[in-house]
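Work through the exercises below with the sequence and the structure open beside you. Try each task before reading its solution.

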Amino acid sequence: MILRNSLLCLVLAGACAPAFAGAKIDFSAINDATTSKAPRFIVKYRAGSPERLQPAARQKSLDAATARAQPQIAMKADASGKKAGLRVSTMRATAGGNMHIVRASQRLTKLEAEALMRSLAAGANVEYVAVDGRVHADALPNDPVLATHQMWHYGTGTGGARVTSAWDLGAKGAGVVVAVVDTGATHHPDLEANLLPGYDMITDKDVSGRATDLQEAGGWDLGDWTTAGQCGAGSGARNSSWHGTHVSGTIAEVTNNGVGGAGVAPDARIVPVRVLGHCGGYTSDVADGIIWAAGGTVPGVPVNPNPAEVINLSLGGNETCPQVTQDAVNIAISLGATVVVAAGNDNTDASMHSPASCANVVTVGASGYSGQRASYSNYGTKVDLAAPGGAGVEGSPNGHIWSTLNNGTTVPNAFIYAGYTGTSMATPHVAGIVALMQSMAPKPLTPAQVEGLLVSSARPFPVKPDRAIGAGIVDATAAVQRAQTFGQPVTGRPMTSGVAQSVPPLAAGQSVIYQIDVPANATRLEFLTYNGRGTARLYAQYESEPMPASNIGASARPGTNQTIVLNTPAAGRYYLKITAAADLAGVSVRATVR
């Protein structure tokens, strides 16, 4: 996500309210239904129902819903100028076939859209109704003078992600595919060599449908400019953003070619998935793009021949995670893809943003040149860690993240380099580092393992953040080192959540290690020692032996009463090392998973 005045705003479905027939209605993106000439809705029918399986039965249900809502919806003129009643028809099924996208034949007011949604939800076999929300890109380059470019964000300085020292370990991302679900990619000499064939997932385009020519089938960015009023009354004109090109360059810009800069993982390959075009894109297209990128099946679309191990989503909006997006994330994760998402740029809690609030994603906040929380970055317990996103200082090259871009105001023109700021720029840093990790791991890491290693290897903030933005700043070198040694055996005494056990007597300097397995979706892991005498030191680590200099939690107070609390722990095995700073005896230890 880029800064507010150049924001990718994903207006997605959020909290659900009960409706007729036990269905849920998501009104959170209702405003999007008022800006389109033919608003779209997402309808989920019950498994095995005729409406889900039979087009005729589904249309009959839609006609009945339209008839119920028609008295509350005004007659409007069609293209020929004649007034006509509302019609609702099916466009397509989502990937997996458990939801359908339906489209109204005319523009609706807010009250009319609400009436139609309630009427759709009244169907006996309807489980869920939501607006198919819009995704918007609004990005303009800042100071496109490459001579001022300084890649502070890759270095070992105060705010850097320690990428350059990870390269020294031999980590370049070779053999790893990263999908960028965004505006697509443009032809650029410092990027194109690392591009694989992508796909255009945009449906309901002004001129054509989904991927009807070679440019679209390749995932190329054709431009996302708009004219005044094109996206609804009062909407302004905007130049093309080329946002996906900038994000892709941060991940895998070509290096050692004497041109421009370098990507975090310069030997990785990018699959561009276009979901954002004129007036943005739809939530359902983003969901299909996620599934296709991971190698899943999308109706009517050829299977991705290069499934991604990492998916970058530098987009988001002010709603909680909608069902269609969470379903897509779940499918991608089941196929082995790590989903990395932007926390958002509204300086608010990420729990109210999507896909930042989705489960099992890696949510990335933004830090600035000095390692501080960027003033625009969202925060809260949903944020896993931070990465350089830029300080947002206008005219300062050190405040920006530089990458590949295009200078066309509408269609693609000449290649350039430019600086952006935002969590959109922080996110590809992490996606690129995941590629470095996977390229160096003895065997592929699962998405949960990737998340755990990223969080546990993050370095402490050099400046204490004014709001929580995760475990620290992403550390490429430490993450790669952890990936290289991941899976090495550690012997620990098994623990059961909530069950205390006795710690054997330990002389000063001796240690004992315990282990506990944490399931997916846990919200809290707590280690506690108490009772007895002596002085204990506690160190916790994810999937490897805890050390005083390498841990994700430590407690070193006087005596035996020590506590370590880990919020939103990743699924996997955690180890606790108890070390005696002075002779220990009669001490109890307990681990609790919530």
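The exercises that follow concern a predicted model.

**Exercise 1. Confidence and overall make-up**

Task: State what the average pLDDT of the protein chain is, and find stretches where the pLDDT is below 50.

Solution.
Step 1. The average pLDDT of the protein chain is 87, and 90% of the residues score at least 70.
Step 2. Residues 3-21 have a pLDDT below 50, although this stretch has 89 contacts in the model beyond near neighbours in sequence.
Step 3. Residues 137-149 also stay under 50, with 45 contacts beyond four places in sequence.
Step 4. Where pLDDT is low, the predicted coordinates should not be read in detail.
Step 5. For the chain as a whole, count 12 helices and 29 strands. Of its 594 residues, 58% count as buried.
Step 6. Take the contacts with a separation of 6 or more: 73% of them are between residues 24 or more positions apart.

**Exercise 2. A sheet of 5 strands**

Task: Give the order of the strands in the open sheet of 5 strands, and say which strands stand at the edges.

Solution.
Step 1. The order is E21-E23-E28-E25-E26, and the pairing is mixed.
Step 2. E21 (493-494) and E26 each have a single partner strand, so one side of each is left without a neighbour in the sheet.
Step 3. Turn to E28, residues 572-585, where 10 of the 14 residues are buried.
Step 4. E28 runs antiparallel to E23 (residues 511-518), joined by 8 bridges. Across this pairing, Asp517 faces Arg573 of E28.
Step 5. E28 also runs antiparallel to E25 (residues 533-542), here with 9 bridges. Leu538 has Ile578 of E28 as its bridge partner.
Step 6. E25 in turn pairs with E26 in the antiparallel sense over 3 bridges, and Ala540 stands opposite Gly553 in E26.

**Exercise 3. A sheet of 4 strands**

Task: Give the order of the strands in the open sheet of 4 strands, and explain why one side of E22 and of E27 is left without a neighbour.

Solution.
Step 1. The order is E22-E29-E24-E27, and the pairing is antiparallel.
Step 2. E22 (501-502) and E27 (562-567) stand at the edges; each has a single partner strand, so one side lacks a neighbour in the sheet.
Step 3. For E27, look at its pairing with E24 (residues 524-530), which is antiparallel over 6 bridges. In this pair, Leu528 stands opposite Thr563 of E27.

**Exercise 4. The largest pocket**

Task: State the volume of the largest pocket and say which elements give two or more residues to its lining.

Solution.
Step 1. The volume is about 890 Å³.
Step 2. There are 38 lining residues, and the closest to the centre are Val455, Gly470, Ala471, Ile552 and Leu566.
Step 3. The elements that give two or more residues are helix H11 (447-457), helix H12 (476-485), strand E26 (553-555) and E27.
Step 4. Sorted by character, the lining has 19 nonpolar, 14 polar and 5 charged residues.

**Exercise 5. Two helices**

Task: For H8 and for H12, say how many residues are buried.

Solution.
Step 1. In H8 (residues 283-293), 11 of the 11 residues are buried, so this helix is largely enclosed by the rest of the structure. Among them are Asp285, Asp288 and Trp292.
Step 2. After H8 comes Gly295, whose phi is positive, near 100°.
Step 3. In H12, 7 of the 10 residues are buried. They are Ala476, Thr477, Ala478, Ala479, Val480, Arg482 and Ala483.
Step 4. The cover over the buried residues of H12 includes helix H5 (163-167), helix H10 (423-440), H11 and E25.

**Exercise 6. One residue in a loop**

Task: Decide whether Ser357 is buried or exposed, and list its contacts beyond four places in sequence.

Solution.
Step 1. Ser357 is in the loop between strand E16 (338-342) and strand E17 (362-367).
Step 2. The relative accessible area of Ser357 is 9%. Buried means under 20%, so Ser357 is buried.
Step 3. Leaving aside neighbours within four places in sequence, Ser357 is in contact with Glu319, Thr320, Cys321, Ala350, Ser351 and Lys382.
Step 4. Compare sequence with space for Ser357 and Val341: they are 16 residues apart in sequence, and their C-alpha atoms are 9.4 Å apart.

Note on methods. Residues are numbered from 1 along each chain as its sequence is written. This is a predicted model: local features need pLDDT of at least 70, side-chain atom pairs count only at pLDDT 80 or more; totals for chains, interfaces and linings use all residues. Side-chain values use heavy atoms; hydrogens and water are left out. Two strands pair if DSSP finds at least two bridges between them. On a 1 Å grid over the protein atoms alone, a cavity is a set of points where a 1.4 Å probe fits but cannot get out, and a pocket is an open set with protein on both sides within 12 Å along at least five of seven lines; lining residues have an atom within 4 Å of a point. Grid points are joined across faces, edges and corners, and a volume is the space filled by probe spheres set on the points. Ala, Val, Leu, Ile, Met, Phe, Trp, Tyr, Cys and Pro count as nonpolar, Asp, Glu, Lys and Arg as charged, and the others, Gly among them, as polar. pLDDT is the predictor's confidence in each residue, from 0 to 100. Contact means heavy atoms within 4.5 Å. Buried means under 20% relative accessible area, exposed over 50%, partly exposed in between (1.4 Å probe, protein chains only).
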